[in-house]
2 protein chains.
Amino acid sequence: MKKIGIGLIGLGTVGQGVANIISNPNDRHPLVGELELVSVAVRDLQKERDISFPDSILTTNPIEIVNNPNIQIVVEVMGGIEPAKSLIIQAIRSGKSVVTANKAVIARHGEEIANEAKSAGVYVLIEAAVGGGIPIIEPLKQSLGGNQITKVSGIINGTTNYILSRMDKEGVNYADVLKDAQQLGYAESDPAADVEGSDAADKIAILSGLAFGGTINRAEIPTTGINLLEAIDVNYARKLGYAIKLLAISEKEKAQSSGEESQPLSIWVEPTLVPADNPLAGVNGVNNAILVEGNPIGQVMFFGPGAGSGPTASAVVADILNIAGIQAMSEENPFNLDPLLSAKSWRSCHVANEKEITKKNYIRLIAEDTPGVIGQIGNIFGQKKISIESIVQFDASHNQAEIVVITHKIKQGQLSEALLEIKGLPQVKRIAATMGCL
Amino acid sequence: MKKIGIGLIGLGTVGQGVANIISNPNDRHPLVGELELVSVAVRDLQKERDISFPDSILTTNPIEIVNNPNIQIVVEVMGGIEPAKSLIIQAIRSGKSVVTANKAVIARHGEEIANEAKSAGVYVLIEAAVGGGIPIIEPLKQSLGGNQITKVSGIINGTTNYILSRMDKEGVNYADVLKDAQQLGYAESDPAADVEGSDAADKIAILSGLAFGGTINRAEIPTTGINLLEAIDVNYARKLGYAIKLLAISEKEKAQSSGEESQPLSIWVEPTLVPADNPLAGVNGVNNAILVEGNPIGQVMFFGPGAGSGPTASAVVADILNIAGIQAMSEENPFNLDPLLSAKSWRSCHVANEKEITKKNYIRLIAEDTPGVIGQIGNIFGQKKISIESIVQFDASHNQAEIVVITHKIKQGQLSEALLEIKGLPQVKRIAATMGCL
């Protein structure tokens, strides 16, 4: 068998992890030994690295890689939207399959890229884009195809889970943990994409597309991060028997009218109270966990390291091996794409109106410490037909009370109306926090 | 695309689950709609079933299915060693790919079947043989191939996990729960394969072969079931902060000599104390959980329903879709097998000597209630260089004491020698239980 030429664009932590696996095939699947690292594009040729290459392999010009006839698979691990997206498309047009960990590009331009790949008859595989080393993309594409999927949810951002785990364990506040996480390399110097929930929204957009078979508009996903989370809410949640996790959730909804052709999906990213006995509550540190629910499988969970050089490289190499395996089937005859791996959309989906999202809620209010206030709040919820699981008054001091309400499952439209009226009560000073609750 | 003909051998719970999925493709991957159930072999044509077929589809002669030219994929879900094994081989020789849930056949005859499949250029896929609906075979074959796997372990028998969960929760004894489980359909009328650990041994043999790349001799796997487990050990374990789970474990060992060509693996099945904060301790009922450890991925866990009609059918259909996906790539040109899916052995492995298994142990002794006995037991462990985590004396009454010892990690050869000497102590009446401990 002729060796399969790999071109690597980017030699950061993930790129180095991939190079390490390819250059050390011993004890791995024998197909790893059939891979050959032909060229690696880096920003700085002189930079000191843990891994060394012959000079002939390194280049500062990624265009050389997408055009190199000795390369069959281009691995894009440089990150960012551009030039990554253009390089992916150029590689496809040159007839090369692409493996990428770039969730930002796939979540925004996945459909365009899939169409290009289909025309060119090549694969674009993205296992490393979601869940780090956890096999989740391939199981969704291949192993769960017999199911009617109803829900995909989970913890899919390692940085925020690390921060939340420490806030919960140590009772410290957000800003302090973030600073620490940055120093330890668990958070970027610009942490916005992680802490504001955008990275999780990218990933749930990708998972939704695969689980439900249709591209959705990523920009429409209601997204709340953990950047405004207060230590007091972590504390109250713990007292009530919950841990707070940043969850991304995508649920199949009933079509509004029977003639509706596009499948509505309720999708959102939000800090969420998870009961202590739910398996997600025990997922700590940079670990991720993804739950898939469907018929007839019931529920399966995938758990593992959601980030890091080694785990992400493991996922990248999984994709490379998949393409190499197909190439090993036939070196000469061109043939059609495997319809499972190529993951074409097979129906139309859209993000349902945020008001239709149905879930339990945690609400913390600051009110005057007067006897009637809980009754008045309860009345407003009752008028809006919102049933309440609990109202607890915490920490009354300085003449003001902290009141925590946990609702049963309700539509978010109902909740907004009720909160508007509650805000109007003279005894209520402000609504200090709202979150989801499992 | 021409429809892909499916022949089903067996119409029990799994077979009916598969037929349900194929006959109701709506909302599933569109490839499900390309499958056509051509023929179904049953034992009794007249039997009442929840699912009905035209008479022309049912047959009592499975040979018709393996020889039917309109069938491309034979699904064997009849169970048992024979005639299942012969039918699988005949189907392969007729040029058909095979999907089977039959762990007993694969664990014993997997190598022979793989060789037949290789000669015939067809696939034999076995996702449903381990872990029910949990995608674990395909991730091991495809998604984790870049890793040097070091350990595979977990809870892989749903019946025993159901029994252990109830023993732990309700404090009831084994025989009573078993009777109940049989009435509820969670245990077979002849429960031996499950409760004596043989089913788990079949499955860990299969997982070992895939994780480490070589066939092992299933008959050599040391296997202890839960059939002799006493309620008192479940009770003591709980008091010490553990749950008891039937674990199957397969660990890569260092070769004894550098020239050794076969890879030794420590493999065993045994009731094992799992610390309450270990994720496996929370896996209850018929659920399964499988941990895979390797370099560079670290650890990933797969969790879900380990048995049942729907989940197992989901896994069977996953395999059917994989083969259908490959057939969709080329209807005319014959080509080589995908080296990932065909899962050929790539090195030689063997089961290491049981004495070399290195693990923590739980030992319960019945001894005279005299002051010196714990000291004497401690001395013997010390002489054998076995370091002890704890010795606890429970329930001294009627002049006798129950002593529970938990060791640190030691070789089982060391332990056997120590237990032989301890048995010889005049104050020790008997060794009532030994188990593993995480």
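In this predicted model, 100% of the interface residues of chain A are also interface residues in chain B, so the two copies meet through the same surface. Chain A can be laid on chain B by a turn of 180° with a shift of 0.0 Å along the axis, giving an RMSD of 0.0 Å. That is the relation of a two-fold axis. Here is a short tour, starting at the contact between the chains and then moving into chain A.

**Where the chains meet**

- The C-alpha of chain A that lies nearest the two-fold axis belongs to A:Phe302, at 2.5 Å from it.
- Each partner brings a matching count to the contact: 54 residues from chain A and 54 residues from chain B.
- On the side of chain A that touches chain B, helix H1 (13-22), helix H5 (137-143), strand E11 (298-305) and helix H11 (309-329) each supply at least two residues.
- H11(A) gives the largest share of that side, with 12 residues.
- Sorted by class, the side of chain A that touches chain B holds 29 nonpolar, 20 polar and 5 charged residues.
- Strand pairing also crosses between the chains: E11(A) and strand E11 (residues 298-305) of chain B run antiparallel and are joined by 3 bridges.
- Within this pairing, A:Phe303 stands opposite B:Met301 in E11(B).

**A residue of H11(A)**

- A:Gln327 is a residue of helix H11 of chain A.
- How exposed is A:Gln327, given its C-beta neighbours inside 10 Å? There are 19 of them, and a residue needs 20 or more to be buried, so A:Gln327 counts as partly exposed.
- Setting aside neighbours within four places in sequence, A:Gln327 is in contact with A:Ile4 and A:Gln72.
- A:Ile216, by comparison, is 111 residues from A:Gln327 in sequence and 31 Å from it in space, C-alpha to C-alpha.

**The parallel sheet**

- An open sheet of 6 strands in chain A follows the order E3-E2-E1-E4-E5-E6, and its pairing is parallel.
- Strand E3 (58-59) and strand E6 (124-125) of chain A are at the edges with a single partner strand each, so one side of each has no neighbour in the sheet.
- At the E3 edge, strand E2 (residues 35-41) of chain A pairs with E3(A) in the parallel sense over 2 bridges.
- A:Ala41 has A:Thr59 in E3(A) as its bridge partner.

**Helix H7 of chain A**

- Helix H7 (residues 174-183) of chain A has A:Val177, A:Leu178 and A:Ala181 as its buried residues.
- These cover an arc of only 105° around the axis, which puts them on the same side of H7(A).
- The face turned away from that buried side carries the exposed residues A:Ala175, A:Lys179 and A:Gln183.
- Cover for the buried residues of H7(A) includes helix H6 (158-170) and helix H8 (192-195) of chain A.
- Just after H7(A) comes A:Gly185, which takes a positive phi of about 85°.

**Helix H13 of chain A**

- The 12 residues of helix H13 (residues 412-423) of chain A should span 16 Å at 1.5 Å a residue, and the end C-alpha atoms are indeed 16 Å apart, which agrees.
- Buried in H13(A) are A:Gln412, A:Leu415, A:Ala418, A:Leu419 and A:Ile422.
- Seen down the axis of H13(A), the buried residues fall within an arc of 120°, so they line one face of the helix.
- What covers them includes strand E13 (358-368), helix H12 (373-383), strand E16 (410-411) and strand E17 (428-437) of chain A.

Technical notes
Residues are numbered from 1 along each chain as its sequence is written. Chains are lettered from A and ligands numbered from 1 in the order in which they are written. This is a predicted model: local features need pLDDT of at least 70, side-chain atom pairs count only at pLDDT 80 or more; totals for chains, interfaces and linings use all residues. Helices (H or I, at least four residues) and strands (E, at least two) are DSSP runs, numbered from the N terminus. The expected span of a helix is 1.5 Å times one less than its number of residues. A residue is buried if 20 or more other C-beta atoms lie within 10 Å of its own, exposed if 12 or fewer, and partly exposed in between; C-beta atoms are placed from the backbone. The arc is that of the directions from the helix axis to the C-beta atoms. Two residues are in contact if their C-beta atoms, placed from the backbone, lie within 7 Å. Ala, Val, Leu, Ile, Met, Phe, Trp, Tyr, Cys and Pro count as nonpolar, Asp, Glu, Lys and Arg as charged, and the others, Gly among them, as polar. Two strands pair if DSSP finds at least two bridges between them. Copies are superposed by least squares on the C-alpha atoms of residues with pLDDT of at least 70 in both.
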